[in-house]
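The exercises below are meant to be worked with the sequence and the structure side by side. Please try each task before reading its solution.

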Amino acid sequence: MFLRNRTPIRNQALENALFARRAIIAFVGVIILMFVLLSNLYNIQVNSYDKYQTQANGNRIKVIPIAPNRGLIYDRNGTILAENKPSHSLEIIPEKTKNLTETIDALAKLVTITDEERERFLKSVKRQRRFKSIVLKSRLTPKQVAQLSVNLHQIPAARIEARLKRHYPFAHILTHALGYVAKLNKKDQARIIAAGEEATYAATRDIGRLGIEKFYQKLLHGQPGYREIEVNNRGRVVRILNEVAPEHGQDLYLNLDINLQKKAYQELAGRRGSVVAIDPNNGAVLAMVSSPSYDPNLFVHGISGKNYRALLSADKPLINRATQGTYPPASTIKQLMSIVALEEKIITEKTSIRDPGWFRLPNVERPFRDHLAWGHGKVDVYKAMLKSCDTFFYDVANRLGIDRISTFMDRFGFGQKSGVDIYEEKQAIMPSRAWKRARHNQPWYPGDTISLGIGQSYWTATPIQLANSTAIVAASGQFFTPQLLGASQGANGLLQLPADERPPVILRDNYNWKIAQKGMWGVVNKLGGTAYNVFKGANYVSAGKTGTAQLISIAEDEEYDEEKISERHRDNAMYVGYAPFDKPEIALTVVVENAGGGGSSAAPIARKLFDVYLDQRSISPSLVVNQQSTADHNVVGHTH
Amino acid sequence: MNDNKAGFAKPQSLSDKIHIDFLLLAGLLALMCISLIVIYSASGENMAMVKRQGINMAASIGAMVIAAQFPPTFLRRWAVPLYLVGIGLLVATLLFGHVGKGAQRWIDFGFAKFQPSEAMKLILPIMIAHYITRYALPAKLKHVTIGTILIGIPVFLIYKQPDLGTSILVGSAGIFALFLAGMSWRIIGSLAIAAIPFSFMMWSFFLHDYQKRRVLTFLNPELDPLGNGYHIIQSKIAIGSGGLEGKGWLNGTQSQLEFLPERHTDFIFSVLSEEFGLFGVIALLCVYLFIMARCLFIANNAQEPFSKILAGAITLTFFVYLFVNIGMVSGLLPVVGVPLPLVSYGGTSMITLMSGFGIIMAIQTHRKFNR
């Protein structure tokens, strides 16, 4: 053949056979390798299918929690005290800009951006994912929103976001009772994790930090919803697969009466002091004011360092004086002291003493002086209260002794937290032998007992303790835990919070209540009573007791301030009282620090508050919440 | 023997007239259809991209038709000059080449860019087949040695660009030619043993850092799940979550949501596996197997050893493409830039591949009357 002619030494048949052999080997190799590929693919697609299926879904499906709207807070008349308002904030998505600083500079030409805002923004940029939008400036005014909106198209990385933010329309007036919400911080986060509530708080930005907002955080918060979304490799949302709406938090109706509260705040007029008003029939807290106060809205958006430092002033606006201010109760406990003395048969209704203007213990040089240097003359228990005679109660205390006083006052809640539904509370001090031993490592001296008779010595009390003890006297022994919350409105309708009744204070002789009440009545209604002039002309009958405390500081840790010392040496003006006399509806305490006499400085405030509360009641006797039901769990069907 | 008498041309079929093998063409067109369907999905339903690939396909079919017109003797005559020019261009690429993606692969002629390493995928098997068949088969040690040197030069030059994938393909094209020429098993065995110290040397002296990283990642992708391991992990998730039947066309979450890298090019097999499942994969492999079977049949039917060896080498190289590609996306092999032949998006490799099939068609259709 032709080929053989050209290369005669070659054996074509042999070469063809060789190639065929090699080609078959190669083809077999191909098939083997294909089976290797296939068996590997079979392993991946069939044996490990579940694993990879799960991973693929894990890649694409993300569950995004949706924060519930916080429950609203109303007062007893249905006036809104805490609401959720859309707040506009300027935000930047870091991923969308090459140069963050330039972007901020560009925005700074449109609105003022403080160094603090800039710093805070740059800090959170480091913590967040690049495609998440981060707040640069919050609380934009409508004018700023307008200015920005017009120019924002030039800065694609920036946008205006509207979020619901807590707003307190009454600002300063309710701060200490209502509290506020603030951004969740690391501590909150740790607490949430410890409580196993990460799921509940997954999308939540704000948490109750004080007062009612903190105490009822759980009720107010609600249940988060979630959205199952499909995301791409950059975490961007492609579509929504499933959505479960959040359940908004419960709305709270407080026992507070905003008109009374407002009046009390106005009457304190920025002075240091406090007002607590309680309904003696159920322990409902009608007013709780601490002055000076501050704007809780500042905390909602993150308070600036400058604003916060201003709150650390000597006047201590951050303290809730109503529950944390510990004052010597002074003469405001004289009616209680009378009851103990009557109960222990130290005195009777008819017993009287001669008051020379001082009381002296045997073997003690220094006399205990009455506030009236020449004395009140012949004094019985009524006159002792009417004139606030010190000598009478020095003598009574001396004869009672520390143990009987201490035990009895414990029954009125002194030296214990009142249990009101906020966390910020001090128990103050009801001294006893054991207490003095533990606290000062000293024995109890008879001299210590004498000044207890006029509510001085080691005895301190918070305004809410005083208000509640007054309520107990007004209700002849009925004892309720003070409650700010009246009712809550959730998915199940309106739930009335039952009054928290404690074992009443039972006297051996019930008539002793009448004596104390009559004594307090005299203070207001009898000529010469320390509050007689103040309450003249009121269209209701009230009872009360003035007090003038000879002590300065409200807190043990207060610093010595030379400039203020003269003013701070002045007496605290105090008043406790209730009204109407025969069917009490309100019992209150007024404390004005360093304002001088209780009759002249505190009682007038009490008068105005009674006026407001009892007047308003006569106009609209049925209060919104009380209308629904009386005591007990009373669920009223309600649709939202 | 009686059919193939010198000087007697058997009556020409249509296939012989236009030098196209219809069976092979059918297989290739089937692959291209699959390619367009998967690219449409992988590109996020980008019709423009599908059109561009259609144009690439048309051009490569044109290249195939042209290549099919040249009888094998023509290729053989031009083997040495083509080889020399190819080497020259590779050197030129290294010296003046256009840098793209960190590698010099292109020569810019001003009017067009040209990738000499692609041409080498065909030139080298032509050269080796030509050289080795000048002597009686099976090939002797001496000729195998010289053949190896002829292979080594372009492989080294391409590797230096650096382009590991192409140098593997070019190298295997040459080695398959030697293998089909009957290189003795003893030589194959010793080369296999020699490969072990050689690969150590490669590792320490020649491999670039990014190549080393690829190999390390291949050995344990979980080492670096967000860096180099990411591609392999995501690809395996795509393939695995496809299961037996797949998620359906356009429904692959890994590909549609862009978790898969290089979806329409190197990792297109993962898209196909995710959307069409193991059944789709088997169908694809059957098409490949059919094409290779047809090509090896043509090779075996060819009349001279040069044609046989050339057709065989081109066919086996085609297999290397798909083996390396599927192996790498399914985690059997390290990631080297080798496309899934005729399915991955891209014109360059497709033109080379289809030219190769044109040569095989030429071998089949020029057979009877080409003396």
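**Exercise 1.** Why is β23(A) largely enclosed by the rest of the structure?

Solution. The model is a predicted one, in which local features need pLDDT of at least 70 and side-chain atom pairs count only at pLDDT 80 or more, while totals for chains, interfaces and linings use all residues. Residues are numbered from 1 along each chain as its sequence is written, and chains are lettered from A and ligands numbered from 1 in the order in which they are written. Begin by counting neighbours: a residue is buried if 20 or more other C-beta atoms, placed from the backbone, lie within 10 Å of its own, exposed if 12 or fewer, and partly exposed in between. Strand β23(A) is largely enclosed because seven of its seven residues are buried. Next, separate the two directions: Ile586(A), Leu588(A), Val590(A) and Val592(A) point one way from β23(A), whereas Ala587(A), Thr589(A) and Val591(A) point the other way. In a regular strand the side chains alternate between the two faces of the sheet.

**Exercise 2.** Place β23(A) in its sheet and identify the edge strands.

Solution. Helices (H or I, at least four residues) and strands (E, at least two) are DSSP runs numbered from the N terminus, and two strands pair if DSSP finds at least two bridges between them. The sheet is open, with five strands in the order β12-β11-β23-β22-β21 of chain A and antiparallel pairing. Its edges are β12 (285-291) and β21 (543-549) of chain A, each of which pairs on one side only. On one side, β23(A) is joined to β11(A) by six bridges, and Gly273(A) stands opposite Val592(A). With β22(A), the strand β23(A) forms seven bridges, among them the one that makes Ile586(A) the partner of Ala579(A), and a hairpin of six residues connects these two strands. Further along, β21(A) and β22(A) also pair over seven bridges, and Thr546(A) has Tyr575(A) as its bridge partner.

**Exercise 3.** Which helices lie against this sheet, and at what angles do they run?

Solution. Axes are lines fitted to C-alpha atoms, for helices over the stretch in contact, and angles run from 0 to 180 degrees between N-to-C directions; a contact means C-beta atoms, placed from the backbone, within 7 Å. Helix α11 (residues 258-268) of chain A touches β11, β12 and β23 of chain A, and its direction makes about 25° with that of β12(A). Helix α21 (residues 463-474) of chain A lies across β11, β22 and β23 of chain A, at about 150° to β23(A).

**Exercise 4.** Which residues touch the most other members of the largest nonpolar core?

Solution. A nonpolar core is a set of buried Ala, Val, Leu, Ile, Met, Phe, Trp, Tyr and Cys residues joined through C-beta atoms within 7 Å. The largest has 128 residues, of which Val275(A), Val276(A) and Ala277(A) touch the most other members. At least three residues come from each of domain 1 (64-254) and domain 2 (269-307 + 318-626) of chain A, the bounds being those of an automatic or database domain assignment. Leaving aside residues up to four places away in sequence, Ala277(A) touches Leu260(A), Leu286(A), Ala287(A), Ala467(A), Ile586(A), Leu588(A) and Leu609(A).

Key
Contact = placed C-beta atoms within 7 Å.
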